[in-house]
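Trainee: Please take a close look at the salt bridging in the structure below. After that, go through the helix packing and the surroundings of a few single residues.

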Amino acid sequence: MALPFLPYIVVGILHLAAVLAGADTVVALTKPLLMPALLLALLLAVPARRGETVVLAALGILFGWLGDLALMNTGAGFVIGLGFFLLGHVAYIVLFVRRMRLRRPRWWSAGYLLWFAALLTVLAPHAGGLLIPLALYGAALAVLGITGSGCSSWIAVGAALFVVSDSLLGLHRFLPGFALPQADFAIMLTYIAAQGLICWGVVRRVRAAAAVPSLA
């Protein structure tokens, strides 16, 4: 089951190493390959019978890929990328609620609401005309974390890392004086891990459902 994820892991390591080394050409070459490699892993790792679960997971990955491509462009690319990632989060939220949920959201997931309020308070004075899109995006991200907490540990951690990654991205872009060492590396490390863990959790759930029809 793990073998299909090997290309994703290899491309992810190459990309992160290139970010650390400042090898911009390698960064530009590897970033567009991340999500296609993960989508391939998803399709190869699940059983032949594929339904709503895999479709929703594939949409989350696909919108992530489109978001990655958009963020590689300057200017309006950020807003477009934000829109694609928002669609990806919506796909994941629907997936978590309809197909991945094992329990009610955990009590600690209320912390995502506090995170959302705090982040919005910090970024609002600097967001300008992007305040409303950022607020909508942040709300979706909080819901992603909350709904993810009711799924397997793999998905819960993946959703949490998505919140971390996007929070770092927002602070890095909008907050003056924010100076996290190797911010680009931290953003991509948490993003790559988030997407990978969510996909891994989905694959495990689909394979378990195939083995026990009552889980389908």
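Mentor: The model is predicted, and it holds 1 salt bridge. The partners are arginine 98 and glutamate 52, whose closest N and O atoms are 2.6 Å apart. A salt bridge here requires a side-chain nitrogen of Lys or Arg within 4 Å of a carboxyl oxygen of Asp or Glu, and the 2.6 Å of this pair therefore meets the cut-off. Arginine 98 belongs to helix α4 (residues 77–100) and glutamate 52 to helix α3 (residues 52–71), so the pair, 46 residues apart, links distant parts of the chain. The accessibility of the two partners can be stated separately. Arginine 98 has 55% relative accessibility and counts as exposed, because the class begins over 50%. Glutamate 52, at 31% relative accessibility, counts as partly exposed.

The two helices that carry this pair also pack against each other. The axes of α3 and α4 are 8 Å apart, and the packing angle is about 165°. Angles over 145 degrees count as roughly antiparallel, and α3 and α4 are therefore roughly antiparallel to each other. The crossing of α3 past α4 is left-handed. Sorted by class, the residues in the contact of α3 with α4 are 18 nonpolar, 7 polar and 4 charged.

Two other helix pairs can be described in these terms, because two packed helices are described by the angle between their axes and the distance between the axes. Helix α2 (residues 24–45) and helix α8 (residues 183–211) cross at roughly 10°, and their axes come within 10 Å. With angles under 35 degrees counted as roughly parallel, α2 is roughly parallel to α8. On the α2 side the contact is made by Lys31, Leu34, Met35, Leu38, Leu42 and Ala45. The α8 side contributes Met188, Tyr191, Ile192, Gln195, Gly196, Cys199, Val202, Val203 and Arg207. By class, the contact of α2 with α8 has 11 nonpolar, 2 polar and 2 charged residues.

Phenylalanine 5, in the segment before α1 (6–21), touches residues that also appear in this contact. Apart from neighbours within four places in sequence, phenylalanine 5 is in contact with Leu38, Ala41, Ala45, Gly196, Cys199, Trp200 and Val203. Among them, Leu38 and Ala45 are named on the α2 side of the contact between α2 and α8, and Gly196, Cys199 and Val203 on the α8 side. Phenylalanine 5 has 6% relative accessibility and counts as buried, because buried means under 20%. Its C-alpha atom is separated by 9.0 Å from that of leucine 44, and the two residues are 39 residues apart along the chain.

The next pair is helix α5 (residues 111–127) with helix α7 (residues 153–174). These pack at an angle of about 15°, with axes 10 Å apart, and that makes α5 roughly parallel to α7. The crossing of α5 past α7 is left-handed. From α5, the residues in contact are Tyr112, Trp115, Leu119, Val122, Leu123, His126 and Ala127. From α7, they are Ala160, Val163, Ser167, Gly170, Leu171 and Phe174. The contact of α5 with α7 has 10 nonpolar, 3 polar and no charged residues.

The loops on either side of α7 supply the remaining residues. Glycine 150 lies in the loop between α6 (131–148) and α7, and cysteine 151 is in that loop as well. Glycine 150 is buried, with a relative accessible area of 1%; cysteine 151, at 1% relative accessibility, counts as buried too. Leaving out residues up to four places away in sequence, glycine 150 touches Arg101, Leu102, Arg103, Arg104 and Pro105. With neighbours within four places left aside, cysteine 151 is in contact with Phe96, Met100, Arg101, Leu102 and Arg103. Arg101, Leu102 and Arg103 appear in both lists. C-alpha to C-alpha, glycine 150 and phenylalanine 116 are 19 Å apart in space and 34 residues apart in sequence. Cysteine 151 and glycine 111 are 17 Å apart, with their positions 40 residues apart in sequence.

Glutamine 182 lies in the loop between α7 and α8. Most residues other than glycine have a negative phi. Phi of glutamine 182 is near 55°, a positive value in a residue other than glycine. Glutamine 182 is partly exposed, with a relative accessible area of 45%.

Notes:
Residues numbered from 1 in each chain as written. Predicted model: local features only at pLDDT ≥ 70, side-chain atom pairs only at ≥ 80, totals over all residues. Heavy atoms only, no water. Helix = DSSP H or I, 4+ residues; strand = E, 2+ residues; numbered from the N terminus. Buried < 20%, exposed > 50% of the residue type's maximum accessible area, 1.4 Å probe, protein only. Contact = heavy atoms within 4.5 Å. Axes fitted to C-alpha atoms, helices over the stretch in contact; angles between N-to-C directions. Parallel < 35°, antiparallel > 145°, perpendicular 65-115°, else oblique. Left-handed = near helix turned anticlockwise from the far one by under 90°. Nonpolar A, V, L, I, M, F, W, Y, C, P; charged D, E, K, R; others polar.
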